[in-house]
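Biologist: Please take a close look at the aromatic rings in this model. Walk me through them slowly, then show me the setting they belong to.

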Amino acid sequence: MKLVAIPEEKYEEYRLCAMFDCYKWDPQFLDHNTIAKYALVLTKEEHEAVSAYTEALDKETRAAEQLINSDLSLAKPLGLPRNVKRDIIRMKNYDPDKHIRLMRYDFHPTVEGDWAISEVNSDVPGGFAESSLLPEAARQFLPEGKYYFKSFGETLVKAISSKVKKGGRIMMVHCTCYSDDRQVMQYLGDRLEEDGYHIIYAASDHLRFENNRAFSILDGNEGEVDGIVRFSPLEWLTEVKPKRWHGYFDTITPSCNHPIAIFAQTKRFPFVWDAMEAHGVSMATWRKLLPDTITVKAAKGKEGYIYKPVYGRVGENISIREACKDDEYRKIMKAVKFHPKDYLAQKRFHSLPLTGVNGEFYHVCLGSYAVNGEHAGYYARISDTPRIDSNAADIPVLVEEA
């Protein structure tokens, strides 16, 4: 694994290409540029190892969530939100063959020379365009070299096409007030339109459900929809409470992702592994790659653990001290103390930094997608701190030909 620099004299052109050709509409977070000046290049052997790990993790995750769904008493250690617990009983009709199951596993190279994963983005992983268009853009600007990549977008479109009838209406459900959410949906919607689908961009409260089927109530787009692509996090929906939102749980309209994703989205997922294995579902790959994860109470007095929000996203509020600014670390630890059920403790791994052209160091999070059990490409970010958060930069991932 190495960083290959975009030539300095070509970087601004590459950045404009990312913005206008690759749906990276907002290339800043505060005053941070979020388009890396590098491409991340994997060896063929690294790619094959991560791909195999991803498919093994996905097999275990999908088996576990289906077992939990068949016996909801197994979900108790997950501590799901009250509204979710009320509605997951509706998922008894879940058929994995009818829906599109998308997940992204976040890998980190470690100083020991192996891989660790920090989490699975089980519910609504993003990075669609960055993992589909940005690698091709980067290849046009890189110095000579033979690289290839797997387009996540093409893999996802193929999976959707296998579940949703040709020419059907697909609703792209997202938080419509956020441009960064819309750019994810716009890329996929434009690509699906190329294949003849009718795309409806809408919020969660633009759906209603009758007889387990989804219907649009959006002006000018009323009527049954044939597929749902959801980019509104399920735990957000429990707070927003759009009318009829519970219909997501038992819809037979093909969905990506179905709410069954909530079981693995909570970072308490490791707390059910013993029960899974007692029922014959192996979690061996998870145990190999995820650092020890325990409750805040169990971590008291232990050294080498960091704290993470149970439903945290994009690296927010993780207590890696050297990555915290100002009094952020103190605030996180105060929140852990007064709201311990909202956090968990995880044994810290030490990521292996990669070296830039001027000797600077970058830490990498390599997000590896799985779609219906198949490895589906990469979405990566790099940071000058060990915490990969909103300040990190998006970086295209390429594989070096042998």
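**Rings and their surroundings**

Modeller: The model is predicted, and its rings form 15 aromatic pairs. Take one of them, phenylalanine 107 with tryptophan 115. Their ring centres lie 6.1 Å apart, and the planes meet at 85 degrees. A pair counts as edge-to-face when the planes are over 60 degrees apart, so this pair is edge-to-face.

Now ask how well each partner is covered. Buried means under 20% relative accessible area. Phenylalanine 107 has 0%, so this residue is buried. Tryptophan 115 has 13%, so this one is buried too.

Rings can also gather in groups. Tyr105, Phe269, Trp273 and Trp286 form one aromatic cluster.

Some rings have a charge for company. The charged end of lysine 37 sits over the ring of tyrosine 11, at 5.4 Å from the ring centre. Arginine 208 places its charged end over the ring of phenylalanine 215, and here the distance to the centre is 4.9 Å.

One more aromatic residue leads us to a helix. Phe141 is among the buried residues of helix 4, which spans residues 134–141. The others are Leu134, Pro135, Ala137 and Ala138. These buried residues cover an arc of only 160 degrees around the axis, so they lie on the same side of helix 4. A general rule helps here: an α-helix has 3.6 residues a turn, so residues three or four places apart point the same way. What covers the buried residues of helix 4? The cover includes helix 1 (11–21), strand 4 (38–42) and strand 22 (397–400).

Step back to the whole chain. Its secondary structure comes to 12 helices and 22 strands. Buried residues make up 58% of the 402 residues. Look next at contacts with a separation of 6 or more: 72% of them join residues 24 or more positions apart.

Then check the overall dimensions. The C-alpha atoms fill a box of roughly 60 × 55 × 40 Å along the principal axes. For 402 residues, a compact globule would have a radius of gyration near 21 Å. The chain has 21 Å, so it agrees with that expectation. Last comes the surface. The chain exposes about 17,800 Å², and carbon and sulfur atoms supply 49% of that area.

Technical notes:
Residues are numbered from 1 along each chain as its sequence is written. This is a predicted model: local features need pLDDT of at least 70, side-chain atom pairs count only at pLDDT 80 or more; totals for chains, interfaces and linings use all residues. Side-chain values use heavy atoms; hydrogens and water are left out. Rings of Phe, Tyr and Trp (its six-membered ring) pair if their centres lie within 6.5 Å; planes under 30 degrees apart count as stacked, over 60 as edge-to-face and the rest as tilted. Buried means under 20% relative accessible area, exposed over 50%, partly exposed in between (1.4 Å probe, protein chains only). A charge sits over a ring if NZ of Lys or CZ of Arg is within 6 Å of the ring centre and within 35 degrees of the ring normal. Helices (H or I, at least four residues) and strands (E, at least two) are DSSP runs, numbered from the N terminus. The radius of gyration is taken over C-alpha atoms; the globule rule is 2.2 Å times the number of residues to the power 0.38. Contact means heavy atoms within 4.5 Å. Accessible areas come from the Shrake-Rupley method with a 1.4 Å probe; for residues, only the protein chains shown count as cover. The arc is that of the directions from the helix axis to the C-beta atoms.
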